[in-house]
Amino acid sequence: TGITRMLLGNVVLELAVVNVDVVENHWIPREMEKGHTVMWPMSREIHLMLLPNAAGGLGILGYGGENRFRGDINLGSDDFITGPVAMTRKIGPASNFEMLYVDNISAANRYVQVEDDLFLYEGTAPKVAFRVRLFD
């Protein structure tokens, strides 16, 4: 994090620069493979987080529209390999979206982060694109 100050006439502009880490941030999906085939829940808090787990590794957890999910992940320099993903089993209007969302996350095996965006791929095929949500 840093602050850059610029002078524009008599006005001082301050620009905050934030370095976003893939771990411990709230990732919100923007696009996903076959996402056009399902209705996206508009008023739900759909997200993915990568957090340290009790075993000293990393885990994923998130919300898909109806249920919460979690699992282990192996995160390398560009590897994104999930283990089995467990999910609660409530059925509702967002179930089709949720199954596609979790399937795409589970199928991913690599990632690329570009500033505030996170892209998951299966090989070279794009699976899910996320935007970080920063909280104060």
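## Overall picture

Of the chain's 136 residues, 38% count as buried. Keep in mind that this is a predicted model. The fold is mostly a strand affair, with ten strands and one helix. Reading from the N terminus, the order is β-β-β-β-β-β-β-α-β-β-β.

As for how the chain folds back on itself, take the contacts between residues at least 6 apart in sequence: 45% of them join residues at least 24 apart. On the outside, the chain exposes about 8400 Å², and carbon and sulfur atoms supply 54% of that.

## The nonpolar core

The largest nonpolar core holds 28 residues, and the members touching the most others are Leu48, Phe80, Tyr101, Ile105, Leu120 and Phe130. At least two core residues come from each of β3 (26-32), β4 (47-52), β5 (58-63), β6 (68-75), β7 (80-87), α1 (95-107), β9 (117-122) and β10 (125-133). The helix α1 gives the largest share, five residues. Nonpolar side chains in soluble globular proteins do tend to be buried together.

Tyr101 is a good residue to click on. Beyond its neighbours within four places in sequence, Tyr101 is in contact with Pro29, Met32, Ile46, His47, Leu48, Tyr63, Gly64, Phe69, Val128 and Phe130.

## A buried glutamate

Glu66 sits in the loop between β5 and β6. With a relative accessible area of 6%, Glu66 falls under the 20% cut-off, so it counts as buried.

What does the side chain of Glu66 reach at 2.8 Å? The partner is the backbone nitrogen of Ala94. Leaving out residues up to four places away in sequence, Glu66 also touches Arg44, Lys90, Ile91, Gly92, Pro93, Ser95 and Glu98, among others.

## Salt bridges

The whole structure has seven salt bridges. In one of them, Glu45 meets Arg133 at 2.8 Å, N to O. Glu45 is in the loop between β3 and β4 while Arg133 is in strand β10, so this pair ties together parts 88 residues apart in sequence. Glu45 is partly exposed at 33% relative accessible area, and Arg133 is partly exposed at 33% too.

Asp117 and Arg131 pair up at 3.0 Å, N to O. This links strand β9, home of Asp117, with strand β10, home of Arg131, across 14 residues. Asp117 counts as buried at 13% relative accessibility, whereas Arg131 is partly exposed at 36%. Both belong to a salt-bridge network that also includes Arg30 and Asp116. Then there's Lys127 with Glu122, at 3.5 Å, N to O. Here Lys127 is the buried one at 8%, and Glu122 is partly exposed at 38%.

Conventions
Residues are numbered from 1 along each chain as its sequence is written. This is a predicted model: local features need pLDDT of at least 70, side-chain atom pairs count only at pLDDT 80 or more; totals for chains, interfaces and linings use all residues. Side-chain values use heavy atoms; hydrogens and water are left out. A nonpolar core is a set of buried Ala, Val, Leu, Ile, Met, Phe, Trp, Tyr and Cys residues joined through side-chain atoms within 4.5 Å. Buried means under 20% relative accessible area, exposed over 50%, partly exposed in between (1.4 Å probe, protein chains only). Helices (H or I, at least four residues) and strands (E, at least two) are DSSP runs, numbered from the N terminus. Contact means heavy atoms within 4.5 Å. Accessible areas come from the Shrake-Rupley method with a 1.4 Å probe; for residues, only the protein chains shown count as cover. A polar contact is a pair of N or O atoms within 3.5 Å; within protein, one must be able to donate a hydrogen and the other to accept it, and residues adjacent in sequence count only if both atoms are side-chain atoms. A salt bridge is a side-chain nitrogen of Lys or Arg within 4 Å of a carboxyl oxygen of Asp or Glu.
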